[in-house]
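Let's take a walk through this protein chain, from the overall layout down to a few individual residues. Have the structure open and turn it as you read.

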Amino acid sequence: MDDSPLAVLAVLAVSALAVGALIVLNRFIGGWQDIRFEDTGLPSQRLEEDVVGFRPGEGVIAANGLAALVMEEGEARLGLVLARANRCVTRVMRPGEIARLEADGARFHIHFNDFTLPRVTVDLDDASAQGWGERMRRFVRQSDTQMQGEGHAPTS
């Protein structure tokens, strides 16, 4: 094979086009479909599969269908499921594991002291926002000290 820069560039270009064509073809035939939650069935199933001993109870879907909150039976833990393209990200919270909860009407900003998932925004419909806001507040860490910000030690 010719090792000239033009030949190498041609091989790279053809390879990139072939990979791009495979991605488009896979998307076109339904190989990757973005997840949107229509009800709490899929989020509940994912929590049962991902979290040992989690038994889903009542749940609510975000207005955009990209997030779900599912309360465990007995209300000991709160499950959060996020739709990320064609995958689900699950997280279970126990009391005190939410660092801060901010409410802006039916929009909730959930802050965690976690590098991998520091903040999540969940938009609920107006009818369920108040009840689920009260439920989430039970999982907020109660602290007498003022925090300086995400990931920082308490101030004195």
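Starting at the N terminus, the elements of the protein chain come in the order α-α-β-β-β-β-β-β-β-α. That makes 3 helices and 7 strands. Keep in mind that this is a predicted model. Of the 156 residues in the protein chain, 32% are buried. As for how the chain meets itself, take the contacts with a separation of 6 or more: 44% of them are between residues 24 or more positions apart. The accessible surface adds up to about 10,000 Å², and carbon and sulfur atoms own 54% of that.

Now jump to helix α3, residues 126-137. Does its length make sense? What span should its 12 residues have at 1.5 Å a residue? The expected figure is 16 Å, and the end C-alpha atoms sit 17 Å apart, so the two agree. Next, look at which of its residues are tucked away: S128, A129, W132, G133, R135 and M136 are the buried ones in α3. Looking down the axis of α3, you'll find these buried residues within an arc of 160 degrees, so they line one face of the helix. Flip to the face of α3 turned away from that buried side and you meet the exposed residues A127 and Q130. And what covers the buried residues of α3? The cover includes strands β1 (56-61), β2 (67-72) and β3 (78-84), along with β5 (100-104) and β6 (107-111).

Back towards the N terminus, helix α1 covers residues 5-28, and F28 belongs to it. Is F28 buried or exposed? Its relative accessibility is 72%, and since the cut-off for exposed is over 50%, F28 counts as exposed. F28 has company, too: with L22, L25 and I29 it forms a nonpolar patch on the surface, and together the four have about 500 Å² of accessible area.

Finally, have a look at a pair of loops for some backbone geometry. Most residues other than glycine have a negative phi. E75, in the loop between β2 and β3, has a positive phi near 60 degrees without being a glycine. With a relative accessible area of 36%, E75 is partly exposed. Then there's A85, in the loop between β3 and β4 (87-93). A85 is not a glycine either, yet its phi is positive, at about 60 degrees. A85 is partly exposed as well, with a relative accessible area of 45%.

How values were computed: Residues are numbered from 1 along each chain as its sequence is written. This is a predicted model: local features need pLDDT of at least 70, side-chain atom pairs count only at pLDDT 80 or more; totals for chains, interfaces and linings use all residues. Side-chain values use heavy atoms; hydrogens and water are left out. Patches are made of residues with over 30% relative accessible area and no salt bridge: like charges are joined within 9 Å, nonpolar side chains (Val, Leu, Ile, Met, Phe, Trp, Tyr) within 5 Å. Accessible areas come from the Shrake-Rupley method with a 1.4 Å probe; for residues, only the protein chains shown count as cover. A salt bridge is a side-chain nitrogen of Lys or Arg within 4 Å of a carboxyl oxygen of Asp or Glu. Helices (H or I, at least four residues) and strands (E, at least two) are DSSP runs, numbered from the N terminus. Buried means under 20% relative accessible area, exposed over 50%, partly exposed in between (1.4 Å probe, protein chains only). The expected span of a helix is 1.5 Å times one less than its number of residues. The arc is that of the directions from the helix axis to the C-beta atoms. Contact means heavy atoms within 4.5 Å.
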